[in-house]
Amino acid sequence: MTGSHKPSDIQLERVAYRRKRAIRSTLLAALSTAVVGVLLYLGVTGSPGWERVKASFLDWDIAVKALTGRDNYPSILSGLWLNIRLMVICTACALALGLLIAILRTLRGPVTFPVRALATTYTYSFRGLPLIIVIYLFAFGIPGLRLQGTPSVTVLGAAAIVVTYGAYLAEVFRAGIESVHPSQVAAARSLGLSYRRTMRHVVLPQAIRRVTPPLLNDTVALQKDVGLISLAGPIDAIRAAQINQAGTANFTPYVVAGVLFVLLALPLIGVTDWVTLRAARRQNAGN
Amino acid sequence: MVSRFTLLTTGGAVLALAALAGCSPVEDNAAPTASASASADVCPAGALPTKTAGKLTIGTDNPAYEPWFSDNDPKNGKGFESAVAYQVAQRLGYSPDNVIWTSVTFNNAIAPGPKAFDFDVNQFSITPERRNAVDFSSPYYLVRQTVISTKGSKIANAKTLADLKEAKLGAQVGTTSYQAVTDLIKPSNQPSVFNNNDDAKAALVNGTVDGIVVDLPTAFYMTAAELKDGIIVGQLPQVGVPEQFGLVLDKGSTLTSCVSTAVDQLRQDGTLAVLEKTWLAGSGGAPELQ
C-alpha cells in the first residue's frame, strides 16, 4: 500500500455506511438493554413481596457475619478455603486420570483387550453413577471396612470426585485423540516414531488443543461439585451457608456463597472463552 | 436493524416478567390461634367430664418403650411417662385405682376424630400442624440433647463437657443437636455435619467420628435398636429451642385446661424434674454431663 492511496468514493461511502450501522446497532442494543433492565427492576421491586424477599435474601449484616463467621457458626470463607484446595487437587488428579484412561482406551492390538475392556467399563459406570452416590459409597462404605490406614473422609470424598470426573474427562480426551486423522499417525510411524512417541509428539498435542474448551468446561462443573463432599461431614462453603441459614432463618448466606462460587469460576470461564475464540480464529484463518 | 436474536431475548425477558407478575405471593394467613378456654374453676377433683364418670382413661401405644414405660406395662407406674401420667391423674383427683389405660396407636392418637381416651401420653412433640387436629397440654418434658457413642470409643467414659473437648463429634445440619455441639461442648476439632441422623450414625459406626449428638428419645432408640454396642454418654444441658412433649387431648376437649394446670403445677413443685432424674437420667438412662 502506498501513501498516495486514496479510497474510491464508493469505498468511502461503504465505510461511512458501515460506521452508521455500527453506531445504530450499538445504540439499539443499549436502548433495549436499558428497557429490559428497567422493566426487570420495576417488576421485581414492585412486586408485593419484594420487601420480604429483600429482607430474607439480601441482608447486609447477615451477609457479613456469615462470611466472616460469628457466634458459633462456621464462616463461609473458611469453608471456601476447603473448596479451593479440593478444586485444585481434584482438577489436577481428574485430568491426569482422564488422560490415562483415554490412552488406555485407544490402545490397539488384541493383547491389550483386557485393559481396553477395563477402561471402557470404568468410563461407562462412572459416567452413569450420580456423584452423590459415589461420595456416599466412598466416604461411608470404605471406612466401614475398618482397614488399617484408611484415609480421612475428606480424602475419600475427593477420591470419589476424581473418579467420577475422571470418567467424563477420559471421554473428552478420547474424542480428541480419535479426532486426529489416521494419516497423522501413519505419517509419524513411517518416519520411524514408535507408537508411544507418536502419541506423545504427534497425536496428543493436537488432540488436547482440540478438546481444551470441553475439558475446561468439565473443570468448571467440577469446581461446583466439590462442595458435595459436605455429605461426608466436612463443612464446605455451602454447608457453612446452610448452617448460617438454619441459625438465622435467613437465606442471605446462600446468596453470599453463590456469589463467591461465581467469582471463583469467572477466571476459568474467561480462559475457556478465550481459548475457544482463539481456536476458532486459527481454524478459520482463511475466512 | 433489530436482529432476530434481539427480538428473542427481549421477548424472553417480557415473558419472564409476565411470569413474575403472575406469581404474586400469597399473603400470610393469620396464624391459627390456640384457644385456651374454660376458666380454672371447672376442674372439680375426681369429677371431671371424663369418658367414664369417676375414671380417667389414659391412652398410649402398645408396645410402650423404655424408658418412657417399663416392661410394656403402663399400669405399673414405672418409666417416665407412666409416672407423669399417674402424677397428673393424682392432681386431677383420680387415684391410681381410677386410672384406666387404653391402647391407641401413635398415629390414631393425633388423627382428627373421636378419641377413646381422656388424654394420651406417647412422646408427642407439640407442633402447630398437630394442633389443627388435637389439643396439647402444657409441655411435661423439654427434649434434651444427648451424646451417644460406641463401646470402647475414646469418649465412652466421658463424665463432663470438658471430657468431650478433644472428641470428633457429628450432628445433623440445622438442628438443636448441632447447636449443642457448637454452643455447649465447643470441641477443638471442627464438628462433622451430616444431612441426616442416619448419615451421622453411619459415620459413628465407621469410626470417622467419636460420637454424635441426637435428642434423647432418638438416643434411646439408636442405642437400643439400631447401634451395635451403642452407648449413651450423657445428656447435655438445655440448649436452643427444645422440642416439647405434651399430653394429647381431643380437639376442643373440656379437660385441656385442667390437664394443663395439673402439668404446670407438677413443673412448679419440682415433681417433673424429680421424675426426669429418676427415669431418664437414672440407672440405665442417660447421665447428665455438666
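UniProt positions are given in the numbering used here, and such annotations may be inferred rather than shown by experiment. The model in every view is predicted.

**View 1. The annotated ABC transmembrane type-1 domain of chain A.**
UniProt, in an unreviewed entry, places "domain: ABC transmembrane type-1" at residues 80–272 of chain A. Helix makes up 81% of this stretch and strand 0%. The C-alpha atoms at its two ends are 23 Å apart.

**View 2. The transmembrane regions listed for chain A.**
The unreviewed UniProt entry gives the feature "transmembrane region" at residues 21–44, 80–104, 124–145, 151–170 and 251–269 of chain A. Two of these are described here. Residues 21–44 of chain A are 100% helix and 0% strand. Their end C-alpha atoms lie 34 Å apart. Residues 251–269 of chain A are 95% helix, again with 0% strand. Here the end C-alpha atoms are 27 Å apart.

**View 3. A salt bridge between helices α4 and α7 of chain A.**
The side chains of A:R105 and A:E171 form a salt bridge, with 2.8 Å from N to O. A:R105 belongs to helix α4 (residues 76–105) of chain A and A:E171 to helix α7 (residues 153–179) of chain A, so the pair ties together parts that are 66 residues apart in sequence. Side chains of opposite charge can pair when their charged atoms come close. Over all chains, the search of the whole structure finds 13 salt bridges.

**View 4. The interface of chain A and chain B.**
On the chain A side, 30 residues are in contact with 31 residues of chain B. The size of an interface is often given as the accessible area lost when the parts come together. Chain A and chain B bury about 2,300 Å² between them. Carbon and sulfur atoms account for 58% of that area. In chain A, the residues that lose the most area to chain B are A:R52, A:N72 and A:F140. Together they make up 22% of what that side buries.

**View 5. Polar contacts and helices at the interface of chain A and chain B.**
Between chain A and chain B there are 0 salt bridges. Polar contacts do cross the interface: 7 residue pairs, both residues at pLDDT 80 or more. On the side of chain A that touches chain B, at least two residues each come from α1 (9–46), α6 (131–144) and α10 (237–248) of chain A. The most come from α1(A), with 9 residues. By class, this side of chain A has 17 nonpolar, 8 polar and 5 charged residues.

**View 6. The annotated region and two domains of chain B.**
UniProt lists "domain: Ionotropic glutamate receptor C-terminal" at residues 55–282 of chain B, from an unreviewed entry. Over this range chain B is 33% helix and 23% strand. The end C-alpha atoms of the range are 31 Å apart. Chain B is also divided into domain 1 (56–142 + 243–280) and domain 2 (145–235). The centres of these two domains, taken over C-alpha atoms, are separated by 29 Å.

**View 7. Where domain 1 of chain B meets domain 2 of chain B.**
Contact involves 6 residues of domain 1 of chain B and 5 residues of domain 2 of chain B. The two domains bury about 450 Å² between them, 64% of it on carbon and sulfur atoms. In domain 1 of chain B, B:W68, B:Y141 and B:L280 lose the most area to domain 2 of chain B. Those three make up 58% of what that side buries. Across this interface there are 0 salt bridges. Residue pairs in polar contact, both at pLDDT 80 or more, also number 0. The side of domain 1 of chain B that touches domain 2 of chain B has 5 nonpolar residues, no polar ones and 1 charged.

**View 8. Backbone features in the loop between β1 and α2 of chain B.**
Most residues other than glycine have a negative phi, and most peptide bonds are trans. The peptide bond joining B:N62 and B:P63 is cis, with omega about 5 degrees. B:P63 sits in the loop between β1 (56–60) and α2 (80–92) of chain B. A cis peptide bond also runs from B:E66 to B:P67, with omega near -10 degrees. B:P67 is found in the loop between β1 and α2 of chain B. B:N72, a residue other than glycine, has a positive phi, near 55 degrees. B:N72 too is in the loop between β1 and α2 of chain B.

Technical notes:
Residues numbered from 1 in each chain as written. Chains lettered and ligands numbered in written order. Predicted model: local features only at pLDDT ≥ 70, side-chain atom pairs only at ≥ 80, totals over all residues. Heavy atoms only, no water. Helix = DSSP H or I, 4+ residues; strand = E, 2+ residues; numbered from the N terminus. Contact = heavy atoms within 4.5 Å. Buried area = accessible area lost by both parts, 1.4 Å probe. Salt bridge = Lys/Arg side-chain N within 4 Å of Asp/Glu carboxyl O. Polar contact = N/O pair within 3.5 Å; in protein donor to acceptor, adjacent residues only side chain to side chain. Nonpolar A, V, L, I, M, F, W, Y, C, P; charged D, E, K, R; others polar. Domains from an automatic or database assignment.
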